[in-house]
Amino acid sequence: MSGRRQRERGQVAVYAILLFPVLMLVLALVLAVGSLEALRTRIRAELDMAALTATQALDVTALTTGHPPRLIEPEAEALAREYLARNLATTGDVLAASAADIASGAEVVITNEPGVDPLTGTPDTAPTVSIRVAVPARIPLLGLAGLGPTVTLTVTGSSAART
Amino acid sequence: MMPAPRLGSRHDPRRGQRGVAAVEAVLVVPLVLVPVLLSVVVFGRLEHTRLVLDAAAAAGARQAAVVGADTAAVRTRIDEELRDGGLDPTSVRVTIEPAIADWGDPIRVRVEVGEQASIPFIGSWAVPLSAEFVTRSEVTH
């Protein structure tokens, strides 16, 4: 039997044994990043719903006396946090902190004057509720890929009141 | 020097190895590659369903806030979103509570569907998917 032929025997088995864990690891990483992005989309939608709900805090008396639309700042901020917490609570067990804690730690900015929005960086032309929230998420597959099971997703969004 | 044995002859040392790669391919392709590729497709489909549910629940929640109740308008709006996303509305359970929400009260819209994920050679699982949003009624009844 020639030496070359002998060296090649069993190579397929070595490939299979070495590559299989690598393949599985890559798959785990793909699934982890996928679920992370899915979670970001979900949190973005929840944040949008909270910002939209907070724009209900319009100053109705000012509006009926002919003034331009204004948001009542403390009321809008309280609504934004309340509905952010209510919607975050529907996310499930991937959150690494309670929905109420995450919502109370969120940055909420109510702008009534035109100008550049401090959170989104885009011009506000109408009364706007802007929210930035940092959500700690637990993705077990990320731990498998060596990235730590908890990551923090930061999501920003806003909603404007138009009449 | 001995003459090299004829390819495939009884004296060819490769004879015992011939076809091994083919046998491995026959085992590996259906048992490993096909399930891996199909699971990518199955997960993609589940993720699509989840996104459609999210969109339907969000649209339904907005409509529910505007009418402040569990009405046909809300359910039609949700069904439209589900159909647009390629889901059968009859297979989706929609919960809107409370049935009547007064101004400033929270109103909750939840959509649920039982999906089936089946990967050949691996198994089949029931995957319950749901989406839920909470918003605030804008009407006084």
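**Entry 1: chain B, contacts and elements**

I began with the contacts in chain B between residues at least 6 apart in sequence, and 63% of them join residues at least 24 apart. I note here that the model is predicted. I then looked up the secondary structure of chain B and found 2 helices and 3 strands. Read from the N terminus, these elements follow the order α-α-β-β-β. I also checked burial: of the 141 residues in chain B, 25% are buried.

**Entry 2: the contact of chain A with chain B**

I next turned to the contact between the chains, to which chain A gives 14 residues and chain B gives 17 residues. On the side of chain B that touches chain A, I found that α1 (20-67) and β3 (123-136) each supply at least two residues. Which element gives the most to this side of chain B? I recorded α1(B), with 7 residues. By class, I listed the residues of this side of chain B as 8 charged, 7 nonpolar and 2 polar.

**Entry 3: α2(A) against α1(B)**

I looked up the helix pair that spans the two chains. The axes of α2(A) and α1(B) are 11 Å apart, and the helices pack at an angle of about 5°. Angles under 35 degrees count as roughly parallel, so I entered α2(A) as roughly parallel to α1(B). From α2(A), I listed V12(A), A38(A), R42(A), A45(A) and M49(A) as the residues making this contact. Their counterparts in α1(B) are A21(B), E24(B), E47(B), R50(B), D54(B), A58(B) and A61(B). I recorded the classes for the contact of α2(A) with α1(B) as 7 nonpolar and 5 charged residues, with no polar ones.

**Entry 4: α2(A) against α4(A)**

I then examined a pair within chain A, helix α2 (residues 11-54) and helix α4 (residues 73-88). How do α2(A) and α4(A) run, parallel or antiparallel? Their axes come within 8 Å and cross at roughly 150°. Angles over 145 degrees count as roughly antiparallel, and I therefore entered α2(A) and α4(A) as roughly antiparallel to each other. I noted the crossing of α2(A) and α4(A) as right-handed.

For the residues, I found E46(A), L47(A), M49(A), A50(A), A51(A), T53(A) and A54(A) on the α2(A) side. They meet A76(A), L79(A), A80(A), Y83(A), L84(A), N87(A) and L88(A) in α4(A). By class, I recorded 11 nonpolar, 2 polar and 1 charged residues for the contact of α2(A) with α4(A).

**Entry 5: a shared residue**

I cross-checked the residue lists for α2(A). M49(A) is listed in the contact with α1(B), and M49(A) is also listed in the contact with α4(A).

Methods
Residues are numbered from 1 along each chain as its sequence is written. Chains are lettered from A and ligands numbered from 1 in the order in which they are written. This is a predicted model: local features need pLDDT of at least 70, side-chain atom pairs count only at pLDDT 80 or more; totals for chains, interfaces and linings use all residues. Two residues are in contact if their C-beta atoms, placed from the backbone, lie within 7 Å. Helices (H or I, at least four residues) and strands (E, at least two) are DSSP runs, numbered from the N terminus. Ala, Val, Leu, Ile, Met, Phe, Trp, Tyr, Cys and Pro count as nonpolar, Asp, Glu, Lys and Arg as charged, and the others, Gly among them, as polar. A residue is buried if 20 or more other C-beta atoms lie within 10 Å of its own, exposed if 12 or fewer, and partly exposed in between; C-beta atoms are placed from the backbone. Axes are lines fitted to C-alpha atoms, for helices over the stretch in contact, and angles run from 0 to 180 degrees between N-to-C directions. Angles under 35 degrees count as roughly parallel, over 145 as roughly antiparallel, 65 to 115 as roughly perpendicular and the rest as oblique. A crossing is left-handed if the near helix is turned anticlockwise from the far one by less than a right angle, and right-handed if clockwise.
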